[in-house]
Amino acid sequence: MSDLIRQQMEPDSAVYKTLLESTKAIPWKIDWSTMKFAYIGPQIEELLGWTPESWQSAEDWAMRIHAEDREAVVNFCISQSKSGVDHEADYRALTRDGEHVWIRDVVHVVRNPDGSPNALIGFMFDITERKKTEARLIELQKELEALSYRDGLTNVANRRMFDSALEVEWANAVNNRTPLSLVMLDIDYFKQYNDHYGHIRGDECLKRVAEVLSGAATRSRDFLARFGGEEFVLILPEADAKAALQVAQRCRKLVQDAAIPHGKSQVAEVVTISLGVSTIVPSAQDHRIAFLERVDQRLYKAKQLGRNCIAVDE
């Protein structure tokens, strides 16, 4: 919030307070000199069960952090605050009934003119569902290794694993109202490649392309799979259309820069790819199969446009 907006709102503190307390994020403030809470939003009681009045000092905050997380989180936050550095920390917060909720604390350090801390202002976010998704994806990764969900030729995930991962990420996007992007791609004139060089060289080409694509998307939850034949697909959770296009552009460049000779291509002297990209913020009324078909249509459009290009949502 800009200083101008804040100045305009300050005369009516009731309005400002109402806005803060109507968000899912839980606002709070601690005075540095006393380490006492000057304020914490009433939403804290619904999330953790502890009343706002029970949050008296930073000690209360520390003791309501899971014992396994407490020392590292407290030491990190104190160190960053003393240095005047804004920061964030993920940890398990204990509820009043003995359970725990995953919290992301985003902290802004208000400093005195000499640079020393004056106060800490922050927001707590409930990230439990995100952590559940990450845990489920770790389980899926273990399943991939244990049940051989890797494509035997290229060593990337196969179609079966792709379907499982898409199901998890789709549910996560629906629950959290976050974007989900898919990039589907196809090796240009691969039949002609096989006819000219033979299937053994064709298999080597597929393996090389898969290896190159594995370096195109680098976030921990980005997911590459062989979709079938010479087609591959990337799942990009929480990536908007702009970010997905950037990944697609990187894929296209990396494959072309690999300079795999293709004497029978009609678009280049080396192996190239065509790509379709689509993004959605899915609701409960949307269907992932329909979304997958939409991405496939974008790939078909890229081929119609002459191949070695990217087609995106209009």
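Contact here means heavy atoms within 4.5 Å, and this idea helps in reading the predicted model described below. With that in mind, a good place to start is helix H10 (residues 241-257), which lies across E6, strand E8 (231-237), E9 and E10. Helix H10 runs at about 165° to E9.

The strands beneath this helix belong to an open sheet of five strands, with the order E7-E8-E6-E9-E10 and mixed pairing. At the edges stand strand E7 (223-228) and E10. Each of these edge strands has a single partner strand, so one side of each is left without a neighbour in the sheet.

Strand E9 (residues 273-280) pairs with E6 in the antiparallel sense, over eight bridges. Two residue pairs can be followed by eye in the structure: Met-184 has Gly-276 of E9 as its bridge partner, and Leu-182 has Ser-278 of E9. With E10, E9 runs parallel, and two bridges join these strands. Here Leu-275 finds its bridge partner in Ile-310 of E10.

How many residues of E9 are buried? The count is eight of its eight residues, so the strand is mostly covered, given that buried means under 20% relative accessible area. The side chains are shared out between two directions. Ile-273, Leu-275, Val-277 and Thr-279 point one way from E9, while Ser-274, Gly-276, Ser-278 and Ile-280 point the other way. Residues of both sets are buried.

A hairpin elsewhere in the chain offers another example of antiparallel pairing. Strand E3 (residues 87-94) and strand E4 (residues 100-111) pair in this sense over eight bridges. Leu-94 stands opposite His-100 in E4. The hairpin has five residues between the strands, and Gly-98 takes a positive phi near 95°.

Attention now turns to helices. Two packed helices are described by the angle between their axes and the distance between the axes. For H8 and H9, the axes come within 7 Å and cross at roughly 135°. That angle makes H8 oblique to H9. Which residues make the contact? From H8 come Phe-190, Tyr-193, Asn-194 and Tyr-197, and from H9 come His-199, Arg-201, Gly-202, Cys-205 and Leu-206. Sorted by class, the contact of H8 with H9 has five nonpolar, three polar and one charged residues.

Asn-194 is worth a look of its own. This residue lies in helix H8 (residues 190-197). Is Asn-194 buried or exposed? At 13% relative accessibility, Asn-194 counts as buried, because the cut-off for that word is under 20%. Leaving aside its neighbours within four places in sequence, Asn-194 is in contact with His-199 and Gly-202.

Charged side chains complete the picture, with a count of 21 salt bridges in the model. One of them joins the side chains of Lys-303 and Asp-186, at 3.4 Å from N to O. This pair links distant parts of the chain, since Lys-303 sits in helix H11 (residues 288-304) and Asp-186 in strand E6 (residues 180-187), 117 residues apart. The partners have their own surroundings: Lys-303 is partly exposed, with a relative accessible area of 25%, whereas Asp-186 is buried, at 6%.

Another salt bridge, between Glu-211 and Arg-208, also has a distance of 3.4 Å from N to O. Both residues lie in helix H9 (residues 199-213), three residues apart, which is about one turn of the helix. Glu-211 is exposed, with a relative accessible area of 53%, and Arg-208 is partly exposed, at 36%.

Helix H11 takes part again through Arg-294, which forms a salt bridge with Asp-313, the closest N and O atoms being 3.7 Å apart. Arg-294 lies in helix H11 and Asp-313 in the segment after strand E10 (310-311), so the pair ties together parts that are 19 residues apart in sequence. Both partners are partly exposed: Arg-294 has a relative accessible area of 25% and Asp-313 one of 28%. Finally, which residues are joined into one network by salt bridges that share partners? They are Glu-88, Asp-90, Arg-104, Lys-131 and Glu-134.

Technical notes:
Residues numbered from 1 in each chain as written. Predicted model: local features only at pLDDT ≥ 70, side-chain atom pairs only at ≥ 80, totals over all residues. Heavy atoms only, no water. Salt bridge = Lys/Arg side-chain N within 4 Å of Asp/Glu carboxyl O. Helix = DSSP H or I, 4+ residues; strand = E, 2+ residues; numbered from the N terminus. Buried < 20%, exposed > 50% of the residue type's maximum accessible area, 1.4 Å probe, protein only. Pairing = 2+ DSSP bridges. Axes fitted to C-alpha atoms, helices over the stretch in contact; angles between N-to-C directions. Parallel < 35°, antiparallel > 145°, perpendicular 65-115°, else oblique. Nonpolar A, V, L, I, M, F, W, Y, C, P; charged D, E, K, R; others polar.
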